[in-house]
Amino acid sequence: MALEKRGLTPVEILRDEARCSICLGIFQDPVSIHCGHSFCRSCITRTWEGLTTNFSCPQCRETKSHKTLRPNWELANMVELANVIEAAKSLNLQQVREVEGGENLRGQKLQSRRL
Ligand SMILES: [Zn+2]
Ligand SMILES: [Zn+2]
C-alpha cells in the first residue's frame, strides 16, 4: 500500500477531498460555483445571503456578478462513499481496513487491466 507511506490512508485522502472549506465538515449537498470550488449548498447560500452582485468565492476570492451554483454529482458520490466508510468505521474497524486495502486497490487493478 504505497499511499500509506505518505501517512494518509486512501480513506483519509477521500475524506479530506470531501471536506467543505466553510464548515470544515463533510459536504452536505455539494455544489460547484463559478471558479470550480465546491461547498455545501447551505454553506454557500448562507455566505451569499443578501448579495445581489459580486459573489466572491470564500476560498479563492474570485468574484462574479451573478450567482452560479451547479450540483456536483461526482463530489456527492465521493461524500456518500466517505459517509459509508465513516459509518463502517464506527461499527467495525476491521471492515474499514478491508475497504481501504482490499476492495479499492483490487478494483483499481481490475480496471487498469481491462484498459
Ligand atoms: Zn459546508
Ligand atoms: Zn474559488
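1. Let us start with Phe39. Setting aside neighbours within four places in sequence, Phe39 touches Cys20, Ser21, Ile22, Val31 and Ile44. Please keep in mind that this is a predicted model. Phe39 sits in strand β2, which covers residues 38-40, and Phe39 also belongs to the largest nonpolar core.

2. Which residues build that core? There are 10 of them: Ala18, Cys20, Phe27, Val31, Ile33, Phe39, Cys43, Ile44, Val79 and Ala82. Helices α2 and α3 each contribute at least two residues to this core; α3 spans residues 73-91. Three of the contacts of Phe39, namely Cys20, Val31 and Ile44, are members of the core too.

3. A word on the overall layout. The protein chain holds 4 helices and 5 strands, and along the sequence they come in the pattern α-β-β-α-β-β-β-α-α. Of its 115 residues, 14% are buried. If you consider contacts between residues at least 6 apart in sequence, 46% of them link residues at least 24 apart.

4. The sheet deserves a look next. It is open, with 3 strands in the order β2-β1-β5 and antiparallel pairing. Why do β2 and β5 each have one side without a neighbour in the sheet? Both stand at the edges, where each has a single partner strand, so one side of each is left free of a neighbour in the sheet. As a reminder, strands of a sheet pair through backbone hydrogen bonds, in either a parallel or an antiparallel manner.

5. You may like to inspect the pairing of β1 with β5. Strand β1 takes in residues 30-32, and 2 bridges join it to β5 in an antiparallel arrangement. In detail, Ser32 has Arg70 of β5 as its bridge partner. Strand β5 itself consists of residues 70-71. Val31, one of the contacts of Phe39, falls within the stretch of β1.

6. Now to the packing of two helices. Helix α1, residues 10-17, packs against α3 at an angle of about 130°, and their axes are 9 Å apart. Because an angle of this kind lies outside the parallel, antiparallel and perpendicular ranges, α1 counts as oblique to α3. On the α1 side the contact is made by Val11, Leu14, Arg15 and Glu17, while α3 provides Met78, Leu81, Ala82 and Ile85. The crossing of the two helices is left-handed. Ala82 therefore has two roles to note, in this contact and in the nonpolar core.

7. Two backbone values in the loop between α1 and β1 are worth a check. Leu24 lies in this loop and has phi near 60°, a positive value in a residue other than glycine. Is Leu24 buried or exposed? Leu24 is exposed, as it has 8 other C-beta atoms within 10 Å, and the cut-off for exposed is 12 or fewer. Asp29 belongs to the loop between α1 and β1 as well, and its phi is near 55°, again positive in a residue other than glycine. With 15 C-beta neighbours inside 10 Å, Asp29 counts as partly exposed.

8. Finally, a point on Thr45. Thr45 is placed in helix α2, which runs over residues 41-47. With 14 other C-beta atoms within 10 Å, Thr45 is partly exposed. The C-alpha atoms of Thr45 and Lys67 are 9.9 Å apart, although 22 residues separate the two along the chain.

Note on methods:
Residues numbered from 1 in each chain as written. Chains lettered and ligands numbered in written order. Predicted model: local features only at pLDDT ≥ 70, side-chain atom pairs only at ≥ 80, totals over all residues. Pairing = 2+ DSSP bridges. Buried ≥ 20, exposed ≤ 12 C-beta atoms within 10 Å, placed from the backbone. Core = buried A, V, L, I, M, F, W, Y, C linked by C-beta atoms within 7 Å. Contact = placed C-beta atoms within 7 Å. Axes fitted to C-alpha atoms, helices over the stretch in contact; angles between N-to-C directions. Parallel < 35°, antiparallel > 145°, perpendicular 65-115°, else oblique. Left-handed = near helix turned anticlockwise from the far one by under 90°.
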